[in-house]
Amino acid sequence: MNLKGKLVGTSDVVTVQTEGENIAGIHCGVSTDAIGGDDVWIAPAIFDVQVNGIGGINYKAKNLTVEKIAETTAWMHKTGTGLWCPTVTTSSAEDAIQGLTLLAKACEESEIARASFVGFHVEGPYIASEDGPRGAHPLAHVRDPDWDEFQRYQEAAGGRIAIFTLAPERKGALAFIEKVAATGVIVSIGHSGASPERIRDAVAAGAKMSTHLGNGAHAELPRHPNYIWEQLAADALWAGIIPDGFHLPPSVLKSFYRAKGKERICLVSDVASIAGLPPGIYGSESGLGESELHANGKISLAGTPYLAGAGLLLDSGIPNAVRYTDASLSDAIDMASINPARLLGIDNRVGSVAVGKEASLSLFRWKDGQEKLDIVATVVRGQVVYRA
Ligand SMILES: [Zn+2]
């Protein structure tokens, strides 16, 4: 298969030739039978490490099925996202295990799911109980770290849990972080009200990431010291940040970008299951209470100022990162492709457009100032999974 366009960060039109699952060649000559065009950008597939569901399907819902999981792949591919970490948030052990079991089954049964789900993200339940840091997670299921329970989760997931978000101030968390990090899972600090000292201890114990830095936090904090500055300053921590324009005001996004640097940021959508549906109030299928999806893509816990996940995906988040910071398109794409690949240690096969790498690519049109990428095609492991 031939794909035609400009590689992001360059100005010449090329043909990217794929063979089987991989990129076989990148040529200056332009092929006539190619997907794409002279005004199309070719980028590594958009890679999002925090996706709770989409199109009304939540990865931890009681009525989840393998068929519904398969439907989410079509929704995601349409937005140019080719690789992501399905995320299972705080719930009872029984519900979480059911969700992880079904996601694992989807990977076993479907080649597309297996190629797109590059690891699972478990967010909670070992997070802060306090209002604010807990965000929209249900208090009834928040609890202290439990190594045996984690092992049951990982077993249900078939070893696919790649990121585990927790609050290091929970009882027993530091020893738990050491054990989980030793298994190769990325421990991420999130929904935490930890003291700066405790953040440092968590990093020393092996935490490698901050989950949606600046969100899942108190509405008011001591100006300094506090856990946001501490995580911003910790070079060992990658930062997941939500560039939807609602979770972080543009000035905060810009400051985080400048402080953390483009090398250590992963843009994440944190997209909620009702994303993609028409605006309105939706029931508590997610266990988070009723959610209101606003016309501009913002999602709040109905009747509260709290955000309940995001309604916009990275096809909006990438242009936002360019609009709100001094990142170039190429920088923003890196933060949503090679950076998450490096974080998960799979940059040898995904995250860049190069000969020998997996042919997992996003093709889109975009001009400076445009608020959304205009997706032309999404390719996952050599298969066109979406075409406009
Ligand atoms: Zn969260």
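Which residues does Phe 117 touch, not counting residues up to four places away in sequence? Let me answer that straight away. Phe 117 touches Tyr 59, Ile 69, Thr 72, Thr 73, Trp 84, Pro 86, Leu 103 and Cys 107. Bear in mind that this is a predicted model.

Now the core around that residue. The largest nonpolar core has 76 residues. Phe 117 is one of those that touch the most other members, along with Leu 100, Ile 241, Leu 267, Ile 318 and Phe 364. Helix H2, residues 93-109, gives the largest share of this core, at seven residues. Where does the core sit with respect to the domains? Domain 1 and domain 2 both contribute residues, so the core lies between them. There is another core, apart from this one, with 19 residues. Its members include Ala 45, Cys 85, Ile 186 and Ile 346. As a general point, nonpolar side chains in soluble globular proteins tend to be buried together.

On to the domains. Domain 1 is made of two segments, 1-44 and 351-388, and domain 2 covers 46-350. Taken over C-alpha atoms, their centres are 27 Å apart. Across the boundary, 26 residues of domain 1 are in contact with 29 residues of domain 2. How much area do the two domains bury between them? About 2,300 Å², with 64% of it on carbon and sulfur atoms.

Next, the metal. The zinc ion has three coordinating residues here: Glu 123 through OE, His 191 through NE2 and His 212 through NE2. The distances run from 2.0 to 2.1 Å. Along the chain, the donors follow the spacing E-x67-H-x20-H. The two histidines are 21 residues apart and link distant parts of the chain. His 191 is in the loop between strand S11 (186-189) and helix H6 (196-205). His 212 is in the loop between strand S12 (209-210) and helix H7 (227-233). Are these histidines buried or exposed? Both His 191 and His 212 are buried.

Now the sheet. Eight strands form an open sheet with parallel pairing, in the order S5-S8-S9-S10-S11-S12-S13-S14. Strand S5 (46-51) and strand S14 (265-267) are at the edges. Each has a single partner strand, so one side of each is left without a neighbour in the sheet. S5 pairs with strand S8, residues 81-89, in the parallel sense over four bridges. One detail of register: Val 51 has Pro 86 in S8 as its bridge partner. Pro 86 came up earlier, among the residues that Phe 117 touches.

A hairpin is next. Strand S20 (residues 374-380) and strand S21 (residues 383-387) pair in the antiparallel sense, again over four bridges. Thr 378 has Tyr 386 in S21 as its bridge partner. Two residues lie between the strands, and Arg 381 in the turn has a positive phi of about 45 degrees.

Last stop, Ile 26. This residue is in strand S3, residues 22-27. Why does Ile 26 count as partly exposed? Because its relative accessibility is 31%, and the partly exposed class runs between 20% and 50%. Leaving aside neighbours within four places in sequence, Ile 26 is in contact with Leu 7, Val 14, Thr 15, Val 16, Val 353, Ala 354 and Val 355. Take Val 353: it is 327 residues from Ile 26 along the chain, yet their C-alpha atoms are separated by 8.9 Å.

Definitions and conventions. Residues are numbered from 1 along each chain as its sequence is written. This is a predicted model: local features need pLDDT of at least 70, side-chain atom pairs count only at pLDDT 80 or more; totals for chains, interfaces and linings use all residues. Side-chain values use heavy atoms; hydrogens and water are left out. Donors are N, O and S atoms within 2.8 Å of the metal (3.2 Å for Na, K and Ca); water is not among the atoms, so sites may look incomplete. Buried means under 20% relative accessible area, exposed over 50%, partly exposed in between (1.4 Å probe, protein chains only). Two strands pair if DSSP finds at least two bridges between them. A nonpolar core is a set of buried Ala, Val, Leu, Ile, Met, Phe, Trp, Tyr and Cys residues joined through side-chain atoms within 4.5 Å. Domain bounds come from an automatic or database domain assignment. Contact means heavy atoms within 4.5 Å. Buried area is the accessible area (1.4 Å probe) that two parts lose on being put together, summed over both.
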